[in-house]
Amino acid sequence: MNKKKLGLANVVSISVGLVVATSCLVSLGEGSGTLGVTFILAMAIAMLLNMTTVASLSELNALMPNTTGGLAQYTLAAIGPLPTLVSMVGGYIICNTMSCGVEASIFSFSLADTIGGNIPSIVYTFIMTFIILLANLRGVDMFAKIQDIVAFLLVGSLVVMGFIGMIGAGMGAKVDQPFVLEADFKGIASMTAVAFWLFIGAEYAIPISKEVKNAKRNVPLGMMIGLFLIFIMQSVMVLGFHNYVEWGKLADSAAPHLLYGYAILGKFGKIWMMLVGALAVISTQNSTVNSLAVICQGMAKMNMMPKIFAKTNKYKVPWFGQVFVSAAIFLFAFVSNNSADMIDFLILAGSVIWMVSYILAHIDVLVFRKRLPKAPRNFKVPGGWTLPVIGILGTVYMILNISTDPHERMMIWLLTGVSFLVLGIYSAIWIKVKMKMPIFKHVPLEKVMAMENDLYYVVRKQKGIWK
């Protein structure tokens, strides 16, 4: 038997590395530019709400350990196929391609702004997307060996730059501006939805739990420590922003890290932040193309998506999924190209989709507490039903206050509402016609666990249940 090699520090570093991205800096710039340093309070609220989600997902993982589908399998066993399929396509595929497209847009803007010239920034996005797709189609994981290094460079750079700005040791002239732009609690609370994006993704550390020593303690604790460290790092950045970048410019910028880098260390700082951000974006897109194609392949095996997503090329790569994901990423990058307003809009829309999946996680916990109260769990959310309910109510509040602009808020609701409606109709038809299952009847937990075995699908097809 292989010994478990990962400890608490590994979980913390993985959680931090998975959460921090250049799109977070856009949200950080928007929030800081709107509230001033009181945005730190909005971040604290968002962090605590994300901690409730991490706790709920940790309990679900304890109930159904080592399931590769994560939230999809939890929801399938708790509520049924319809919310599962909607949350998987919406929460995983659409939301991840949308966020990755926004990251690509920030990358192209940063590169064009730093290099200069007359080449449209979207050209850089196309070249990057094409090269990453080509490499992955040949089974080459371009950044597998340096993913951790890239994440460390981004996080380390933000810590150093934030600290330099906070103590006023930058090379540029300090800015004379107020600390606080908005002190009203309602205004601060309304920005928690913007702050929410800064903490999304810590739960992706859960799949490594089978490799972690004392996973009952170290996995949930490591993710929560990771969220707290991110909060500290982003708070230092906000204080640095106050000293060197005008609030209004931060709120309007499509790449606030370039503004800040230049203000702190001149042209060198701008180039450094561009290079580190570019590496992070390329690494993220590489991982997204790879992992989402595999997820689509698995869903196709489960008869939850068209069979073409399960087909592989001569390199054993799910080629259609990679092409589909790359095209979706480029589409979102094209839509948001060079527009800070569109980048902000897509980030908030993606946040709503992700929030819905987090609400489902809390509901899953409550359902299993009622249905399987004595089932073995090596971790339970403390306080009974209190924290999951707080998580649900807090997340609903963020959705209802997703933007301080009433028109933008309505457009976000409209976009996400129409998306979920279309997904719901598609999913209901697909489940009834292709999967031949009741759309809301939950699948027994033991059967969901059995789906990890390839023989499950072979037997189901042999019996003529799936065509």
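Colleague: Helices (H or I, at least four residues) and strands (E, at least two) are DSSP runs, numbered from the N terminus. With that settled, where is the place of Lys436?

Modeller: Lys436 sits in the loop between α16 (406-435) and α17 (445-450). This is a predicted model, where local features need pLDDT of at least 70, side-chain atom pairs count only at pLDDT 80 or more, and totals for chains, interfaces and linings use all residues. Residues are numbered from 1 along each chain as its sequence is written, and side-chain values use heavy atoms, with hydrogens and water left out.

Colleague: Is Lys436 buried, exposed or partly exposed?

Modeller: Partly exposed, because its relative accessible area is 44%. Buried means under 20%, exposed over 50%, and partly exposed in between, with a 1.4 Å probe and protein chains only.

Colleague: What about phi of Lys436?

Modeller: Phi is near 55 degrees, a positive value in a residue other than glycine. Lys316 also has a positive phi, near 65 degrees.

Colleague: Why mention a positive phi?

Modeller: Most residues other than glycine have a negative phi.

Colleague: And where does Lys316 lie?

Modeller: Lys316 is in the loop between α12 and α13 (319-336). Lys316 counts as exposed because its relative accessibility is 69%.

Colleague: Back to Lys436. Which positive surface patch is formed there?

Modeller: The one made by Lys307, Lys311, Lys434 and Lys436. Patch residues have over 30% relative accessible area and no salt bridge; like charges are joined within 9 Å, and nonpolar side chains (Val, Leu, Ile, Met, Phe, Trp, Tyr) within 5 Å. Lys and Arg count as positive and Asp and Glu as negative, while His and the chain ends are not counted.

Colleague: Which residues form the nonpolar patch on the surface?

Modeller: Ile119, Val123, Phe126, Ile127, Phe130, Ile131 and Leu134, with about 630 Å² of accessible area together. That area comes from the Shrake-Rupley method with a 1.4 Å probe. Ile119 lies in the loop between α5 and α6 (121-137), and at a relative accessible area of 45% Ile119 is partly exposed.

Colleague: New topic. How many salt bridges does the count come to?

Modeller: Three. A salt bridge is a side-chain nitrogen of Lys or Arg within 4 Å of a carboxyl oxygen of Asp or Glu.

Colleague: What does Glu59 pair with?

Modeller: Glu59 forms a salt bridge with Arg369, the closest N and O atoms being 2.8 Å apart. Glu59 lies in helix α3 (residues 39-63) and Arg369 in helix α14, so this pair ties together parts 310 residues apart in sequence. Glu59 also bridges to Arg377, with the closest N and O atoms 3.3 Å apart. That second pair spans 318 residues, from helix α3 to the loop between α14 and α15. Glu59, Arg369 and Arg377 are thus linked in a network of salt bridges.

Colleague: Are those residues buried or exposed?

Modeller: Buried: Glu59 is at 2% relative accessibility, Arg369 at 18% and Arg377 at 13%.

Colleague: And what does Lys270 form a salt bridge with?

Modeller: Lys270 pairs with Asp113, the closest N and O atoms being 2.9 Å apart. The two are 157 residues apart, Lys270 in helix α12 (residues 256-301) and Asp113 in helix α5 (residues 81-115). Lys270 counts as buried at 19% relative accessibility, whereas Asp113 at 38% is partly exposed.

Conventions:
The place of a charge is taken as NZ of Lys, CZ of Arg, CG of Asp or CD of Glu.
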